[in-house]
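This report walks through one multi-chain model. Please keep the sequence and the 3D view open while reading.

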There are 4 protein chains.
Amino acid sequence: MLKEMSNDAKQLQNELVEFMDNYIYPNEIEVEKFLEEAENRWVIPPVIEELKDKAKEKGLWNLFIPKEYEYSKGLSNYDYAHLCEVMGRSLIAPEIFNCNAPDTGNMEVLMKYGTDAQKKKWLEPLMEGKIRSVFSMTEPQVASSDATNIQASIARDGDEYVINARKWWSTGALDPRCDIAIVMGKTDPDAERYRQQSMILVPFNTPGVEVKRHLNVFGYDHAPQGHAEIHYNNVRVPKENILLGEGRGFEIAQGRLGPGRIHHCMRAIGAAERALELLIKRANEREAFGSKLVEKDTLRQMIAESRIEIEQARLLTLQAANKIDQEGAKAARKEIAMIKVAAPRVSLNVIDRAIEVFGGAGVSQDTPLAEHYANARTLRIVDGPDQVHLRDIAKLEIREQL
Amino acid sequence: MLKEMSNDAKQLQNELVEFMDNYIYPNEIEVEKFLEEAENRWVIPPVIEELKDKAKEKGLWNLFIPKEYEYSKGLSNYDYAHLCEVMGRSLIAPEIFNCNAPDTGNMEVLMKYGTDAQKKKWLEPLMEGKIRSVFSMTEPQVASSDATNIQASIARDGDEYVINARKWWSTGALDPRCDIAIVMGKTDPDAERYRQQSMILVPFNTPGVEVKRHLNVFGYDHAPQGHAEIHYNNVRVPKENILLGEGRGFEIAQGRLGPGRIHHCMRAIGAAERALELLIKRANEREAFGSKLVEKDTLRQMIAESRIEIEQARLLTLQAANKIDQEGAKAARKEIAMIKVAAPRVSLNVIDRAIEVFGGAGVSQDTPLAEHYANARTLRIVDGPDQVHLRDIAKLEIREQL
Amino acid sequence: MLKEMSNDAKQLQNELVEFMDNYIYPNEIEVEKFLEEAENRWVIPPVIEELKDKAKEKGLWNLFIPKEYEYSKGLSNYDYAHLCEVMGRSLIAPEIFNCNAPDTGNMEVLMKYGTDAQKKKWLEPLMEGKIRSVFSMTEPQVASSDATNIQASIARDGDEYVINARKWWSTGALDPRCDIAIVMGKTDPDAERYRQQSMILVPFNTPGVEVKRHLNVFGYDHAPQGHAEIHYNNVRVPKENILLGEGRGFEIAQGRLGPGRIHHCMRAIGAAERALELLIKRANEREAFGSKLVEKDTLRQMIAESRIEIEQARLLTLQAANKIDQEGAKAARKEIAMIKVAAPRVSLNVIDRAIEVFGGAGVSQDTPLAEHYANARTLRIVDGPDQVHLRDIAKLEIREQL
Amino acid sequence: MLKEMSNDAKQLQNELVEFMDNYIYPNEIEVEKFLEEAENRWVIPPVIEELKDKAKEKGLWNLFIPKEYEYSKGLSNYDYAHLCEVMGRSLIAPEIFNCNAPDTGNMEVLMKYGTDAQKKKWLEPLMEGKIRSVFSMTEPQVASSDATNIQASIARDGDEYVINARKWWSTGALDPRCDIAIVMGKTDPDAERYRQQSMILVPFNTPGVEVKRHLNVFGYDHAPQGHAEIHYNNVRVPKENILLGEGRGFEIAQGRLGPGRIHHCMRAIGAAERALELLIKRANEREAFGSKLVEKDTLRQMIAESRIEIEQARLLTLQAANKIDQEGAKAARKEIAMIKVAAPRVSLNVIDRAIEVFGGAGVSQDTPLAEHYANARTLRIVDGPDQVHLRDIAKLEIREQL
């Protein structure tokens, strides 16, 4: 590697890989079967909680916490990126290590901006994996790439704020453990463009919080977390629940983006590595037209192209992580935008090749491939389609060159 | 157009388009909602049967029947291809017009090879849309592109055949109306390679027919039809149920392929047209960064590329259909293999662009896009991955040139 | 085929194919060798004139002339497109049949708008292949896709027009037989946008016509025709030399575009067919790693993909030609824009694959591949890059759909 | 960056960049013009020798020499890779810094295996840039990817070797300064497969060395170096001219490959950076349809995609260079094969986009784009087409995974 991980990170990586082999992969089917047979899919499979305990016990817990906070393992973004890749290989893994979105982002926001009381009430149980949280930002009527355009209203009324909003893609909202939401909306529609928005903490059982429906991703409901459309109807919370201060919502949102994209992209690369591994294994087991698939040149071409793509996307993502470590997320804007485009594409390409090799098993529940594909495809949409990021990259490039 | 449709086909096309507008699109959501709320998803939404009656009444029924058979509307493959495109625009449409797979292929087999008794028992109710059927060919352990390799056993025992098989991707098996299966398997494992396989009729309520589980396609269960893994455990049927004769299975399978692929490919093109239509409509409604999406050059590029791809794939498919009409399916082998590669690819490209433009709505149940995508992706696998067809095309091309 | 050619066209096609086999391909190397050894490359190899005589004698001459004109063979655009494909297989062919650009377009302009005197002086010798002509439209400082933007001045002065212009990509200007140019420029800069431009006939030996330099295309000088930068310095011609009338230049330019693009695109498809043929032949002759290249799956994939792409591009182009025949070039605008994008791309893809298979021979003068590639790449630029055509296609598509 | 260059390398990089700006780019046209006007193109433009003196004087000379040799600047492969990128931006640059192929590879072979006498006679003048050299390996009848298959004969006859060979793509053979060739051929056709080949030094003025013709790359003759077909007809050289020993030819060839590919790939990336820079500059100067090209979204998309591709290819190449430094070329085989596929592809993509933006100027001699394109295309063929490298990558990947 061009740059070594820290020794701590290497050690954690080894332990994670071992944990995945011993506990995660063997339980993927069980989790799916539990949900398949459950009357109500919005229930946590017991094995999930057992695995969480085991991960906690082994110290593979809350690895995401940035260096500057208490409880952090002291990992840099560059270090943690490698761990994200490992976790990304299984769709059930991030939750087991308490490293799943949007909880990680929400926890970091609470670490940064929460009062002691808020931390006690929500950050601690989140860090212990006892409750789950929601991040309510995206709105059905607004292009998600344009955060300044969010329409939700957060209106001050005496000692309270009154929230009226129609949000969707609030991930985790159907989880029975969901206890708290961070909602983004306008406190001052007349303020300067980047000062109109605020973020506020909304206890999930507050009257007026209405989970309207769950949203599928391709045909997946992503139970038991799920993605929800939530209507906030005259929801009242104490004025202290505002985060960082009125008009600071855009700033908080921006701060989440950089590291969050590193995590997403490295997970996507992990999914690609898993797909390539499955592809090769399958190709070694199947025969067609008189020889093993793995002996065929066309199949080898698929393997080689996948390896080339994965290596490049991983290097690009690690470079972005490293730049955040060294110069901060703002300086790394171009790099972060680049991985947002490059990594999910590569992941989709590799997974698609694996699907091709698996045939029917590849699109069905018999492999994790189709679900990984659906996730990677969705990642291309989350916080803006490729076009938006390409625009940003070009703008920065042109500015540097001209 | 390079070649005009027959006047009858044009008339039917207009009527189909009108029917789609008036009855199909407006009911897509209702069908989905019915299933979403149903306790048991393997139940036919009443609106489906109502629409079938309406289609029958309007003469938009069994349009697939080839010229040479009774009840046929006299359409050529070239003519019918255009109608398939229209039906392919909605996932619920083919069933409404009694033109869905695998029933169409099964009906044609019965028309061709069925005895009068078999026709009475199964063909007639199939043609009336009263029962549904299954085609059990693919096996989990066998590359689906290599039909000679199928392992199921169909063993003669006195006046009966005893079937032992493990089949999957038996579409329609979970439909409560499913009444008959055509099963492919080996009657003589020692015969010459293309004479080992036979096809046999298996009433679906015969003891030993066990629907093990349903298979998802990218998370979609495709209720209420579904795709099943079926185990045939010592299933006994009268010897008369053999189709065409022992050792003729491969031949029957081949005969289905050509027209079947035309249908699949034209439906995939219909799905692409629908996606492009939705894309343009959406782009005309949404704004981002100060102007309508439809005004943006990058979006226009997506539209233009889609149009170029669709036109080419449609022409190629129509050319294949026309060649089947004029020279027969065998002479059109190369053309048929080409569309199997080209049409689903184009469909995937166009649908993917539409998903990009719709963002979250594109991957969710709020548009038919993700499900169309999943179907088109699966079409690339059905009867062999692209590699297999590319091999065939090259073999024929090389043979012609050298 | 979806639509048959006329019997006359079929006959001509057969004769052309035979002529190519007997006279064109065997002389490609000789032409190149002649020029390689010539002290002055801007000289016509004698074999060219011999072959022209032979083609004329066999009636394979001026096949491009549209039906409505005298001397026409009565071919439709659809018919002639097939012949263009054949000629496009060799870079020296079009000239041999007196069907090369820009002479064909220039002859058509003269047929349409020339006076009897002009026809006698320039059209007749052009049709006999005795002189050659130039079309001076593009300017170095102006995006070639935007014809309204051309800056050349054509100023009336008494009974003369005075032309001042800096033109480039004037193909054929270095040919020693070049005798006449059609120059486009502004007669009235203050007129309505599409009425500012005119076209005028400029005898090539008029004082002030200065061929500044020749332009290479990927290192090729395209001798003995060449592409030139020409400066027109106070060039005076009689006022009668104006074509069709002042302000009609844009209209004439538009009229050339449709059929011209059909010709270019079909020639590009012919080049692709030639490349595929060479690829297969080479792959059948070469061995690597223990077997013939033609036996390898990856190579077969290249062959199959090429066949799929060529078929589609040809169908699209033929459809455009047919639409021009049936509804006119204006109605076929979208189709014409589509082929301008699709056909050269396919040609580039297929030729590139052939280069890959030929290795060193593929990029060198030992095959016509690299030069065909350079031409096809240039075709993507001629009258505007892809982006411009994609814009037009999208505009027309959106207009139809919304 | 993930890994910093050494301070020396950074310093040299800065100096190189400055030299390029001051002396290389401004003289590109002059060199071309000199050759254009020369009666004989196989003559060295005087400005080349002047620039060489200047480079030598500034210490920008022989930067390629690996650490372990005398005169080396002590640069690692990782360090030198960055300098190659800078030099690769101009086609005339590598020669100026005495870092052009095949001289660098030949010098390294002489450093490693040459006797003192050979070093004095050929290495010293090569290092001073006084003579040039040829590497004669590839043969017209043999797939260049399969070095074991080379047919040239090097037969021992008393105290001499007699060489009979037909070689091509011997770069530099037309250079008037060419003084020495390294020829690969079989000394023992019956030996074990990898021991049949040897390399031998052949003074270029030895009787029997016949430069048959030069080979073009697309239409470029690459004067004054050129690529030649050379026939070695009973060429006799002293037995001491054998390099390393009989049967060691394959081993020497392998040793050249790793670092050589790093150089080629980094130069290709340099060409891509140059193309992107030209593209942006041009887009900032041109207008079409009412705004600067650089303002258009489609153009920005091209810029962003180029940046994403370049970054990834550079990281991959640097990673390969670093692995050679740390673990040796053999351990880095997969990485080296990957860059051979990835880097020229990216270079072609970016240059092609620049050509699209430049239009006619892009394919002509008015920009270096088309020639860079031709070179990058050729790089995809040099020592084997992509398919061969993809095979190798897959083989290594499968070996690691299974």
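What follows covers chain A as a whole, its domains, a strand and a lysine in chain D, and then the contacts between copies.

This is a predicted model: local features need pLDDT of at least 70, side-chain atom pairs count only at pLDDT 80 or more, and totals for chains, interfaces and linings use all residues. Residues are numbered from 1 along each chain as its sequence is written, while chains are lettered from A and ligands numbered from 1 in the order in which they are written.

**Chain A overall**

Chain A holds 12 helices and 9 strands. Helices (H or I, at least four residues) and strands (E, at least two) are DSSP runs, numbered from the N terminus. The radius of gyration of chain A is 21 Å, close to the 21 Å from the globule rule for 402 residues, so chain A is as compact as a globular protein of that length. The radius is taken over C-alpha atoms, and the rule is 2.2 Å times the number of residues to the power 0.38. The C-alpha trace of chain A spans about 80 × 60 × 40 Å along its principal axes.

Of the 402 residues of chain A, 58% count as buried. A residue is buried if 20 or more other C-beta atoms lie within 10 Å of its own, exposed if 12 or fewer, and partly exposed in between; the C-beta atoms are placed from the backbone. Contacts are dominated by sequence-distant pairs: among contacts in chain A with a separation of 6 or more, 72% join residues 24 or more positions apart. Two residues are in contact if their C-beta atoms, placed from the backbone, lie within 7 Å.

**Domains of chain A**

Chain A divides into domain 1 (7-114), domain 2 (132-242) and domain 3 (250-401). These bounds come from an automatic or database domain assignment. The C-alpha centres of domain 1 and domain 2 of chain A lie 25 Å apart. Where they touch, 11 residues of domain 1 of chain A are in contact with 14 residues of domain 2 of chain A. On the domain 1 side, helix H5 (residues 103-113) of chain A gives the most, with 4 residues. By class, that side has 7 nonpolar, 2 polar and 2 charged residues. Ala, Val, Leu, Ile, Met, Phe, Trp, Tyr, Cys and Pro count as nonpolar, Asp, Glu, Lys and Arg as charged, and the others, Gly among them, as polar.

**A strand and a lysine in chain D**

Strand S4 (residues 178-186) of chain D is mostly covered, with 8 of its 9 residues buried. S4(D) has pairing partners, listed below. Two strands pair if DSSP finds at least two bridges between them.

| Pair | Sense | Bridges | One partner pair |
|---|---|---|---|
| S1(D) (residues 132-136) and S4(D) | parallel | 5 bridges | D:Arg132 and D:Cys178 |
| S4(D) and S5(D) (residues 197-203) | antiparallel | 7 bridges | D:Ile180 and D:Pro203 |

Is D:Lys73 buried or exposed? D:Lys73 is buried, with 20 other C-beta atoms within 10 Å. D:Lys73 sits in the loop between helix H2 (46-57) and helix H3 (77-87) of chain D. Leaving aside residues up to four places away in sequence, D:Lys73 touches D:Asp8, D:Leu63 and D:Ile65. From D:Lys73 to D:Gly185 is 112 residues in sequence and 33 Å in space, C-alpha to C-alpha.

**Chain D against chain A**

A turn of 180 degrees and a shift of 0.0 Å along the axis lay chain D on chain A with an RMSD of 0.0 Å. Copies are superposed by least squares on the C-alpha atoms of residues with pLDDT of at least 70 in both. D:Gln312 comes closest to this rotation axis among the residues of chain D, at 2.5 Å (C-alpha). The copies meet through the same surface, because 100% of the interface residues of chain D are also interface residues in chain A.

The contact takes 33 residues from chain D and 33 residues from chain A. Elements giving two or more residues to the chain D side are helix H7 (249-285), helix H8 (297-327), helix H9 (333-358) and helix H12 (386-401) of chain D. H8(D) supplies the largest share, 16 residues. By class, the chain D side has 18 nonpolar, 6 polar and 9 charged residues.

**Chain D against chain B**

Chain D can also be laid on chain B with an RMSD of 0.0 Å, by a turn of 180 degrees and a shift of 0.0 Å along the axis. These two copies are thus related as by a two-fold rotation axis. Here D:Thr298 is the residue of chain D closest to the axis, at 2.6 Å (C-alpha). The same surface serves both copies: 100% of the contact residues of chain D recur in chain B.

This contact takes 4 residues from chain D and 4 residues from chain B. The chain D side has no nonpolar, 2 polar and 2 charged residues.
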